[in-house]
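Dear colleague,

I am handing over the structure below, and I would be glad if you could look through it with the notes that follow. They begin with the ligand and then move to single residues and one helix.

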Amino acid sequence: MKSILFVCLGNICRSPLADGIANKIAREHDLELHIDSAGTSQWHIGEPPCENAVKIAAQNGVDISGLRARTLHRSDPDTFDYVIAMDRQNKKDLESLGYEQVYLIGDYGGFDGADVPDPYFFDGFSGFEKVYTMLDKAVRDFLKKEKLWP
Ligand code: 4NP
């Protein structure tokens, strides 16, 4: 079984959304995938995803309310086939920790390597809708391009 780790800074907004979206696709299409998410920081360990992330996910039929934030584990590089960063800073941080092959989600879905904007600093809900739409498109494209979704 292939495995995917989505990584952002806090693991309470973007990577839990990517995690939930990928899980939903995997469930709906019977894909055998192990999917998880983590933060490069330790700031929110044990916390559920932020309220707006839970809300936008729920509006799209994705339940991420049971996820809890974690930071990177030493075993992650050996455990996961794909480690996917939400922005270029996350990618840089992972590389400086020794992660050898780090994917950037913005390289998929036609976003030309763009960062997924950090919605934690958004004023209000509309930014979360944009982030959800971007992640949904990029995650689908990633699964197709990497042949994890035949
Ligand atoms: P995330 O968003 O990386 O998408 O989970 C953030 C959440 C919290 C903070 C930064 C980004 N923070 O500074 O606490």
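For the residue classes used here, Ala, Val, Leu, Ile, Met, Phe, Trp, Tyr, Cys and Pro count as nonpolar, Asp, Glu, Lys and Arg as charged, and the others, Gly among them, as polar. By these classes, the shell around the ligand has seven nonpolar, three polar and two charged residues. Please keep in mind that this is a predicted model, in which local features need pLDDT of at least 70 and side-chain atom pairs count only at pLDDT 80 or more, while totals for chains, interfaces and linings use all residues. Residues are numbered from 1 along each chain as its sequence is written, and side-chain values use heavy atoms, with hydrogens and water left out.

The ligand

The residues surrounding the ligand, each with a heavy atom within 4 Å of it, are Cys8, Leu9, Gly10, Asn11, Ile12, Cys13, Arg14, Trp43, His44, Asp118, Tyr120 and Phe121. Some of these come within polar contact, a term used for a pair of N or O atoms within 3.5 Å, where within protein one must be able to donate a hydrogen and the other to accept it, and residues adjacent in sequence count only if both atoms are side-chain atoms. A backbone N or O atom of Asn11 lies 3.2 Å from an oxygen atom of the ligand, a polar backbone atom of Ile12 is 3.0 Å from a ligand oxygen atom, and an N or O atom in the side chain of Asp118 is likewise 3.0 Å from an oxygen atom of the ligand. Taken alone the ligand exposes 360 Å², of which the protein buries 92%; accessible areas come from the Shrake-Rupley method with a 1.4 Å probe, and for residues only the protein chains shown count as cover.

Two residues of the shell

Arg14 is found in helix H1, where helices (H or I, at least four residues) and strands (E, at least two) are DSSP runs numbered from the N terminus. With a relative accessible area of 2%, Arg14 is buried, which means under 20%, whereas exposed means over 50% and partly exposed in between (1.4 Å probe, protein chains only). The side chain of Arg14 makes a polar contact with the side chain of Asp87 at 2.9 Å, and it also reaches the backbone oxygen of Val116 at 3.1 Å.

His44, in the loop between S2 and H2, counts as buried because its relative accessibility is 13%. Leaving aside residues up to four places away in sequence, His44 touches Gly10, Ile12, Ala69 and Tyr120, contact being taken as heavy atoms within 4.5 Å.

Helix H5 and the positive phi values

H5 has 20 residues and reaches 29 Å from its first C-alpha to its last, close to the 28 Å expected at 1.5 Å a residue, the expected span being 1.5 Å times one less than the number of residues. The buried residues of H5, including Phe128, Tyr132 and Phe142, pack against strand S1 (2–8), H1, S2, helix H2 (51–59), strand S3 (82–85) and S4. H5 is followed by Lys147, whose phi is positive, near 60°.

Asp112, in the loop between strand S4 (102–104) and helix H5 (126–145), has a positive phi of about 60° although it is not a glycine, and it counts as exposed at 79% relative accessibility. Asp30 lies in the loop between helix H1 (14–28) and strand S2 (33–39); its phi is also positive, near 55°, and at 70% relative accessibility Asp30 counts as exposed.

With kind regards
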